[in-house]
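Please read the following report alongside the sequence and the coordinates. It takes up selected side chains, the aromatic pairs and the surroundings of the nucleic acid strand.

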Amino acid sequence: MSTLRLYNSLTRQKEPFHPLVKGRVGMYVCGPTVSGESHLGHARPYITFDVVYRYLLHLGYQVRYVRNITDAGHFEEEGREAIDKIANKSKLEQLEPMELVSKYTRLYHWAMEQFNTLPPSVEPTATGHIVEQIEMIKQLIEAGYAYEVNGSVYFDVKKYAAGHEYGKLSGRILDDLLETTRELEGQEEKRNRADFALWKAAAPEHIMRWASPWGVGYPGWHIECSAMATKYLGKQFDIHGGGMDLLFPHHESEIAQSTICNHTAPVRYWMHNNMITINGRKMGQSYNNVIRLTELFAGTHPELSQAYHPMTVRFFILQSHYRSTLDFSNEALQAAEKGLKRLWDAYSGLNAPVWSEPFVHPTAGDAELDQRMNRLLDEVLEFVNDDFNTAKALANFFEMVSVWNSIKDGLISITALSPATIQRIRTETKTWLEDVFGLQAVTEADNEKLSGVMDLLLEIRKEAKLRKDFSTSDKIRDQLITLGIQLKDEKGGGTSWMIDN
RNA sequence: GGUCCUGUGGCCGAGUGGCUAGGCAGAGCUCUGCAAAAGCUCCUACAGCGGUUCGAAUCCGCUCGGGACCUCCA
């Protein structure tokens, strides 16, 4: 019996997954900064960890999934100008920070729904946890690992490294960090350049500001995740996820802060997804190559030759392994679109009568085929258990697709498979595709009146065909195509239809 | 510069040392009034050069190319 193994960034190897508390899993995933619109790159971690979440639920765990929303600007802790990101942009857009944050939070939630991701159990905001962050900083000062300078507080990395494994997660070597030749402004307050801000004094023009024991200011970049993860998941929890670009310094700093405050390493399994690239380059703000999700869904971006359905994007992402880079291109997205359609058409075909008639045959008519189907399903479990290899799992479904289609077309008899296998295919496919991978039909849900109209049209067309009146039958089909409805005459004489997007 | 990852057929991608993933595109055939869909078949690649091995896309070394992080970032 295969069990879940996942790649732990901390140990750089796959490890069997055993939760800290039997039957329960605590999972934290770094969420978005809602100072702007989410883009395709953001979609990857949320979809990746949605599958992780769904699978853990499927395995029967009670999961507390925490995914934060960063709505406070504290991004310039190395402080070139100490300007709050949100405050800065809100001035440009003439908006209140909170208005901006609300707007982009709503957009983000909307996009996550489009992707059919399950909402997290807790979705804490940074601004809602200023108190917890201040408390944590106080603890760090008391413990002697943080120091205050001019109303700002910094974490003493050098001191931490003397007694702890600083850099273990990211592979950094402290001496290298201390000796880096990079020149940054606003470093003079720090004892060492590797130190990072826990609290920053706010300049007068700063809009986001909170009172603290060290004066008016705002929290540092890393402390929110430590504070909120501790609050909702405890001093130590099972899984922490995020993009690989957060390994350093964000997650490394989280480990340092939490380790001092909680006297234990905070996370047992660190999982990091790789980036989505465009023309071989990471999609990110700094590269000016982002395709926002609204643009992606609408097809309104110079790089896009068409609009892409959220499910196409989800499927595209699941067709690669989450730890590999995934290169965006129209060709690749279109391939995903067609692939998903093929898979989904075949999957929908499992609801055809031939699959659900009462089976009287006791055994498989084609033992070899029957075995193959069972093997393919067995392997799906193994692949998913093997660090969430959704790519391999989906490949197996495609191997099954041609058999399903052949059964639907009557090229293979349903009795080739044993009743048990038939049942297994139907239930397990639904479980994997819908419940675990979170895939959905791309077409709109059927409308009853439309179905009635379609039934009528198909009947008229059938009658026309019977009397060889092909001009009428073709007229119906061709007119429907211009309306975006495609007819498919099937082997058995029936006709199915689908709405193209 | 430092740390690390990576280079697979037209495109995207999976690959645990031996059993040619899969998707898309392309070609042919079958089914079909035609079309679409579907089925079958074909296209058999691992940057280069060495090495280890009975055997390497997979391990090691070097070279070349691409990328990530070290600064906001998923």
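Helices (H or I, at least four residues) and strands (E, at least two) are DSSP runs, numbered from the N terminus. This is a predicted model, in which local features need pLDDT of at least 70 and side-chain atom pairs count only at pLDDT 80 or more, while totals for chains, interfaces and linings use all residues. Residues are numbered from 1 along each chain as its sequence is written, chains are lettered from A and ligands numbered from 1 in the order in which they are written, and side-chain values use heavy atoms, with hydrogens and water left out.

Asp-238 has its place in strand E9 (residues 237–243). At 4% relative accessibility Asp-238 counts as buried, a word that stands for under 20% relative accessible area, with exposed over 50% and partly exposed in between (1.4 Å probe, protein chains only). Contact means heavy atoms within 4.5 Å, and, residues up to four places away in sequence not being counted, Asp-238 touches a set of residues including Phe-17, His-18, Arg-24 and Tyr-269.

Polar contacts are pairs of N or O atoms within 3.5 Å; within protein, one must be able to donate a hydrogen and the other to accept it, and residues adjacent in sequence count only if both atoms are side-chain atoms. Those of Asp-238 and Asn-289 with the backbone are set out below.

| Side chain | Backbone atom | Distance |
|---|---|---|
| Asp-238 | nitrogen of Leu-20 | 2.7 Å |
| Asp-238 | nitrogen of Gly-26 | 3.0 Å |
| Asn-289 | oxygen of Lys-282 | 3.0 Å |

Asn-289 itself lies in the loop between strand E12 (281–282) and helix H9 (293–298), and it counts as buried at 14% relative accessibility. Leaving aside residues up to four places away in sequence, Asn-289 touches Ile-278, Arg-281, Lys-282, Met-283 and Gly-284.

Which residues are the closest to RNA strand B? They are His-42, Trp-221, Leu-246, Lys-282 and Met-283, among the 67 residues that surround the strand, where a residue is near a molecule or strand if one of its heavy atoms lies within 4 Å of it. Sugar and phosphate account for 68% of the atoms of RNA strand B that come within 4 Å of the protein. A phosphate oxygen of the strand is 3.3 Å from an N or O atom in the side chain of Arg-281, and for the side chain of Tyr-287 the corresponding distance to a phosphate oxygen is 2.9 Å. With Glu-331, by contrast, a side-chain N or O atom is 3.4 Å from a sugar or linking oxygen of RNA strand B. Helix H14 (residues 390–408) gives the most to the surface near the strand, with eight residues.

A search of the whole structure finds 18 aromatic pairs; rings of Phe, Tyr and Trp (its six-membered ring) pair if their centres lie within 6.5 Å, and planes under 30 degrees apart count as stacked, over 60 as edge-to-face and the rest as tilted. The rings of Tyr-46 and Tyr-108 have centres 5.5 Å apart and planes at 75 degrees, so this pair is edge-to-face. Because Tyr-46 lies in helix H1 (residues 40–58) and Tyr-108 in helix H3 (residues 97–114), the pair ties together parts that are 62 residues apart in sequence. Tyr-46 counts as buried at 3% relative accessibility, and Tyr-108 counts as buried at 1%. Elsewhere, Tyr-145, Phe-155, Tyr-160, Tyr-166 and Phe-196 form one aromatic cluster.
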